[in-house]
Amino acid sequence: MPVISPSKTPMPVADAKERAKTFREVNFGYDPRRAMQEADRCLRCQDPTCQTGCPVNVPIREVIHLTSQRRFDDALALIKRFNSLPGVCGRVCPQENQCEGRCHVGDRFGPVGIGYIERFLADWERLHGSQPVEKAEPKGQKVAIVGSGPSGLTAAGDLNHMGYDVTVFEALHDAGGVLRYGIPEFRLPKDVLDDEINALVRAGVDIQCNVVFGKTLTLDQLMDEMGYEAVFIGTGAGLPRFMNLPGENLNGIYSSNEFLTRINLMGAYRFPDYDTPVKSGRRVAVIGAGNTAMDAARCAMRAGSEEVTVVYRRSEAEMTARVEEYEHAIEEGVQFKWLNNPIEFIDDGNGWVSGMRCQRMELGEPDEDGRRRPVPVPDSEFVLDVNNVIVSIGTSPNPLLSRTTPGLDTTKWGGLVAEDDTGQTSREGVFAGGDIVTGSATVILAAGAGKRAASAIDTYLSQKRGEAAEA
Amino acid sequence: MFEILHTRQLTPVTKLFEVAAPLVAKAGRPGQFVILRVHGHGERIPVTITDLDPQAGTVTVVIQEVGATSKMANALAEGERFHDLAGPLGEPAPLREKGHVVCVGGGFGAAAILSILKGLKAKATHSSAIVGARTAELVILEDRLRDAADALHICTDDGSAGFKGLVTAKLEELITSGEPVDEIVAIGPMVMMRAVAATTAPHGIATLVSLDPIMIDGTGMCGACRVTVDGRTQFACIDGPLFDATKIDFDELVRRNKTYRDEEEAALHRYEQAHCRAEEAAAAATRP
């Protein structure tokens, strides 16, 4: 009987100084020995709270048990019944708030590394070839999925598996949505994403890129002319928010969406081998402290910047980034200025940003969401020298959808109204999920919404088939 | 992949492409644009739609060589393919039902006003076109413009064809000739659009220009194309590309468009060197 380690099996990582200069993946992943060693730490609780913490309800206890028995193929097959994107989710889920956050081992010793094990299983399949997936009898009904991000791909995978004829429409030239344009190579290698998307295509999902929903094709065309009996809308969060500060349109000021899209989707870090350039000057300030801000800051380090500073108007405690990303950013040399708020961008005389005027903040009374509201400290202004600024303070809904698709109810912030359990929108046969419904959230929450919508679409289309059979 | 069914070299640096893109051909409206990529590592570049044929399923665009990407595009021949084409993007031009609309096209902007003129013709709205070029050989699409507009005025800097002078001089002449002008749409180089705005402002005639800031996705996601219009930040890709010319912060736009000047020069240099080497190799191969 091997000795069970009380603490989590460490993830081998690239040296921080080395990795801060390249886009190669930071975490190397477990080998079989480490994966099994970590799986042995699971207590196999009677009441597996880890599973209830998973937005797609993966039977984690069973997966871990199969892993500890070296039944990696079976373990992965089990995950895949619940999650089409294990290689992605094993890497980018905020496990500390979900499965691992509820692990009973974690009460005393640090939780079982569920994310690391999931990632290992997905990588094992990539190395050793995949098992054919059995598919249900064709149902003869067409479903359109709009957007190929985590919610769309998950819905597509599930519906295809159930026997529906699934087409995914993507606006950009490559599938994956935020997994493609937002999450950097060093956190989610594009080969991993390609493999998981290719697995869906091999299983029968049709993916059409360069189709802008509402522009190239409308909802009415899909449903009335092209024979799609149900549509899932997962078009993502939308427009980058800016702060409306003086000087915000100076050269050198990016939204995090633009900075990350240039690097991740367009390959700008490989300019001139890729045609799209990006500017990442000597000193870069990133405004905001969410996961996207961490990605932008860490990309800036790798794109050649020497000093990258995250500026956040609240304190470390209110930061929304995932712990691992934050720790990795610190290790790589990203600096943090808590309780500072930009108020103006300064022109270098040639239209380029050269400085950012900030004021110090302190935390006041809690606001509506329970976080203490930052208030300015009088006479605390100072100028931070910068060559580039990356604004990463979230997104607002893209008006493209509401302008081009009438008849769908929207919320007061402009997102789509959809039932939580089913994704049902205000129009029959139309479902929605992911950031377009919830606002900016996580990959796995979007995947969960795609999963629930797939199940609701199945219920809806089964009923339609029943009615057709009776008639 | 989007097959190029037909090309026509309009000037030494301007080329017309008729591309198979049935969905875009059906959905597109005058004034909108598409985003193109020439190859798998390529940039996404916005290009205004010149013409649409929903029956044939084709989209016509005209590309002028300014940098490496547009040179690569114009090296493509009939039967070859654009790697990507997405659209139609942006808001369509608001086509007046009545009155008199003057469309001004400077340089290869003449190609961009064609779809708007055709749209006006379909609504039987009275239209005039003013197109300008340095010299007669650089006037493009004259036949198609003449067919679409009720009146076509050609301007050349050297007087080798039509009116000798700038499009703005011709425009001023038209406005003051007594025939009422209700709206002006100007598309072309930034200096020309600015000059048109300055010409029409004293007359108080509604003037729209089509902006071409740097873009990536073209769907509102990145914010690269933000322009200040009437003191507010707008995204040209989803709020434009056509805006009220009198309210645009042109200085900001000119400046923002120079963001990647160094990289663009480097890319062009690199492209031209590779191109020279390829030509030398081809010449060497044909030498006896």
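## A buried cysteine in chain B

B:Cys222 has a relative accessible area of just 4%, so it counts as buried. Keep in mind that this is a predicted model.

Does that cysteine have a partner, and if not, why not? The closest cysteine sulfur belongs to B:Cys225, and at 6.2 Å it's too far from the sulfur of B:Cys222 for a bond.

## No disulfides anywhere

Over in chain A, A:Cys99 is buried as well, with 8% relative accessibility. The cysteine sulfur closest to its own is in A:Cys54, but those 6.5 Å are too far for a bond.

A disulfide is a covalent bond linking the sulfur atoms of two cysteines. For a pair to count here, the sulfurs have to be within 2.5 Å. Search the whole structure, over all chains, and you'll find zero disulfides.

## A hairpin in chain B

Now look at strand 14 of chain B, residues 226-229. In a regular strand, side chains alternate between the sheet's two faces. Here both faces are covered: B:Arg226 and B:Thr228 sit on one side, B:Val227 and B:Val229 on the other, and all are buried.

Strand 14 of chain B runs antiparallel to strand 15 of chain B (residues 232-235), and four bridges join them. Across from B:Val229 you'll see B:Arg232, in strand 15 of chain B. The hairpin these two strands of chain B make has two residues between the strands, and B:Asp230 takes a positive phi near 55° there.

## Domains of chain B

The domain assignment splits out domain 1 (2-89), domain 2 (100-210) and domain 3 (258-288) in chain B. Between the C-alpha centres of domain 2 and domain 3 of chain B there are 36 Å.

Notes:
Residues are numbered from 1 along each chain as its sequence is written. Chains are lettered from A and ligands numbered from 1 in the order in which they are written. This is a predicted model: local features need pLDDT of at least 70, side-chain atom pairs count only at pLDDT 80 or more; totals for chains, interfaces and linings use all residues. Side-chain values use heavy atoms; hydrogens and water are left out. Domain bounds come from an automatic or database domain assignment. Buried means under 20% relative accessible area, exposed over 50%, partly exposed in between (1.4 Å probe, protein chains only). Two strands pair if DSSP finds at least two bridges between them.
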